[in-house]
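Let us walk through the strand pairings of this predicted model. Keep the structure open and follow along.

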Amino acid sequence: MKNYRIEETGQYFPTEIVGDNSGSVLDIAYQDVVQNFENAGALVFSGFKCDIEEFYRFNTQFAAKILRDPFEDRIPHKVSDEIQSVTIGTGGLELHAEFGHTPFRPDVISFFCETPASEGGATTICDSAAILMELERSVLDVFLSKKIRYEFGISERVWQKFFLTNDMSAVQKYLKTMGVDAHADRYRTLCAAWETPAVFKSRFSGLNSIASNLFERTYPGLRITFADGEEISPEVLSEFGRAAKLHTVELKLNSGQMVMLDNTRFLHGRREFLDPLRKLFAIQYMARS
Ligand SMILES: [Fe+2]
């Protein structure tokens, strides 16, 4: 008999898998996870005796390739360097898809709360399929008809860590095969540009999504325009922000709770907090097919 129940909370909301406070997330049937994840795009796990080792073992069941964030503010967990701390600081973060402005977007990102903030610090999530349904027709038409262009710099230390080489021309060639134009500046920073449709099918549900990184402040230095060079107007961004806000869900995670997101469909962010003891960890990966 299963010692957990599955609670669907409605379209565009995460499905919750609720344990009886005695079992492990590793006891959850594989198919229960896969099917509910495909449908809902976001799973919240409550009522399990989950620690970081179980979090790691649980996620590796579904991972074909685990990605490490190369930015230096990420601290690897002692259990595995494939688990990393989240963005440094205590400020709020706008909704974004993890590395959604690059062709290296992981399919899945999962978070584990080791220590919640005493106040604030909620994880925000938003189903971008809901944003699409919400957008005014004229704005939706803009996103359907135009590609987005992302421009960003990758410092020498970061690209060497990510691509595991110091051969810049090899990296440039590889990026070209991924559709990224990159040139080096005098500091050996790679100045990269990638164009991609704003609206695309999510990896698991097949729903149309707009899990695009349109909020400029999430990734420092990220420049976002349409591919034809036109700026995304404040009106269009404001409508995107309105629709996203309407469908944003705040998750106040407790110690031992985890969340699993379809990173091709759900956006995530966080609310501001002041408590320096908050500890949230993430693992991100390409999923098994
Ligand atoms: Fe993130």
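Begin with one residue pair. Isoleucine 148 has threonine 196 of strand 11 as its bridge partner. That contact belongs to a longer ladder: strand 9 (residues 147–154) and strand 11 (residues 190–197) are joined by 8 bridges. Their pairing is antiparallel.

Now widen the view. Strands 9 and 11 sit within an open sheet of 4 strands. Read across, the order is 10-11-9-14, with antiparallel pairing. Strand 10 (180–184) and strand 14 (223–226) form the edges, each pairing on one side only. From one strand to the next, the twist averages 20 degrees. In general, strands of a sheet pair through backbone hydrogen bonds.

A helix belongs in this picture too. Helix 6 (residues 168–177) lies across strand 10 and strand 11. Relative to strand 10, helix 6 runs at about 160 degrees.

Next, move to strand 7 (residues 108–115). Is strand 7 mostly covered or mostly uncovered? Strand 7 is mostly covered, with 6 of its 8 residues buried. Here, a residue counts as buried if 20 or more other C-beta atoms lie within 10 Å of its own.

Strand 7 has partners to trace as well. Strand 18 (residues 279–287) is joined to strand 7 by 7 bridges, and the two run antiparallel. Look for threonine 115, which stands opposite lysine 279 in strand 18. Strand 16 (residues 258–262) also runs antiparallel to strand 7, with 5 bridges between them. There, isoleucine 109 stands opposite leucine 261. As a general guide to such views, side chains in a regular strand alternate between the two faces of the sheet.

Definitions and conventions:
Residues are numbered from 1 along each chain as its sequence is written. This is a predicted model: local features need pLDDT of at least 70, side-chain atom pairs count only at pLDDT 80 or more; totals for chains, interfaces and linings use all residues. Two strands pair if DSSP finds at least two bridges between them. Axes are lines fitted to C-alpha atoms, for helices over the stretch in contact, and angles run from 0 to 180 degrees between N-to-C directions. Two residues are in contact if their C-beta atoms, placed from the backbone, lie within 7 Å. A residue is buried if 20 or more other C-beta atoms lie within 10 Å of its own, exposed if 12 or fewer, and partly exposed in between; C-beta atoms are placed from the backbone.
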